[in-house]
Amino acid sequence: MKIAVCPGSFDPVTLGHLDIIERATELFDKVVVLVMSNSAKHCAFTVEERIELLKKCVHNPKIEIDTYGGLLVDYAKKKNAVSIVKGLRAVSDFDYEFQQALINKSLYPKIETVFLAARGENMFLSSSMVKEVCSLDGDISPYVPKEIVKDIYLRCKGEN
Ligand code: ADP
């Protein structure tokens, strides 16, 4: 069974993330969406809340949701995962993602990082953009799964 890990902060999950996760299920037998709890980013949602939001909008039985606070490659080893799947939005993502892929390969040579190109319509989409639009009272419904629109408004509306 080929297992892939899709790591990220998912603060909150967007349609851009979901597209990458769903496309990964076409390539692997199982996809673990891994909410990293060691991110340096200041998050609007706690790890538990981010997991709950993901659970509300992921319905594919090939997808599992988990969290980890250590080294990604240690999790991959533990899970017997063969790949790390990442979405690439633009050239600006590439430099950082490439460095991560190289360090992960160096730490754990058996792992392969697979980059999936973001769809054109998701190129500009990030969790931080969603939070900003929401805080300024904009319509976030084109960018996030419908199941969680309300939760995001409750947390982020009027935050500015
Ligand atoms: P963000 O960069 O929005 O804070 P994460 O750290 O949660 O997102 O990112 C997790 C993974 O999802 C990364 O590989 C990132 O490149 C990818 N990703 C994020 N937003 C998109 C998008 N709009 N389209 C495709 N991939 C994306």
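**View 1. Lysine 56 pairs with aspartate 151 in this predicted model.** Lysine 56 has a relative accessible area of 37%, so it ranks as partly exposed. Its partner, aspartate 151, is also listed as partly exposed, at 23% relative accessibility. Their side chains form a salt bridge, with 3.0 Å from N to O. This contact ties together distant parts of the chain: lysine 56 belongs to helix H2 (residues 47-57) and aspartate 151 to helix H6 (residues 149-156), 95 residues apart.

**View 2. Here aspartate 11 meets lysine 131 in a salt bridge.** The closest N and O atoms of the two residues are 2.7 Å apart. Again, distant parts of the chain are linked: aspartate 11 sits in the loop between strand E1 (3-8) and helix H1 (15-27), while lysine 131 is in helix H5 (residues 127-135), 120 residues apart. Both aspartate 11 and lysine 131 are buried. Look for Arg50 as well, since Asp11, Arg50 and Lys131 are linked in a network of salt bridges.

**View 3. Helix H1 holds the pair arginine 23 and aspartate 19.** A salt bridge joins these two side chains at 2.9 Å, N to O. The residues are 4 apart in the helix, so about one helical turn separates them. Arginine 23 is partly exposed, with a relative accessible area of 24%, whereas aspartate 19 counts as buried at 13%. In total, the model has 12 salt bridges.

**View 4. Leu71, Ile103 and Leu107 make a nonpolar surface patch.** The patch covers about 260 Å². One of its members, leucine 107, lies in helix H4 (residues 91-107). With a relative accessible area of 40%, leucine 107 is partly exposed.

Notes. Residues numbered from 1 in each chain as written. Predicted model: local features only at pLDDT ≥ 70, side-chain atom pairs only at ≥ 80, totals over all residues. Heavy atoms only, no water. Patch = residues over 30% accessible without salt bridge, like charges linked within 9 Å, V, L, I, M, F, W, Y side chains within 5 Å. Areas by Shrake-Rupley, 256 points an atom, 1.4 Å probe, with all protein chains shown as cover. Salt bridge = Lys/Arg side-chain N within 4 Å of Asp/Glu carboxyl O. Helix = DSSP H or I, 4+ residues; strand = E, 2+ residues; numbered from the N terminus. Buried < 20%, exposed > 50% of the residue type's maximum accessible area, 1.4 Å probe, protein only.
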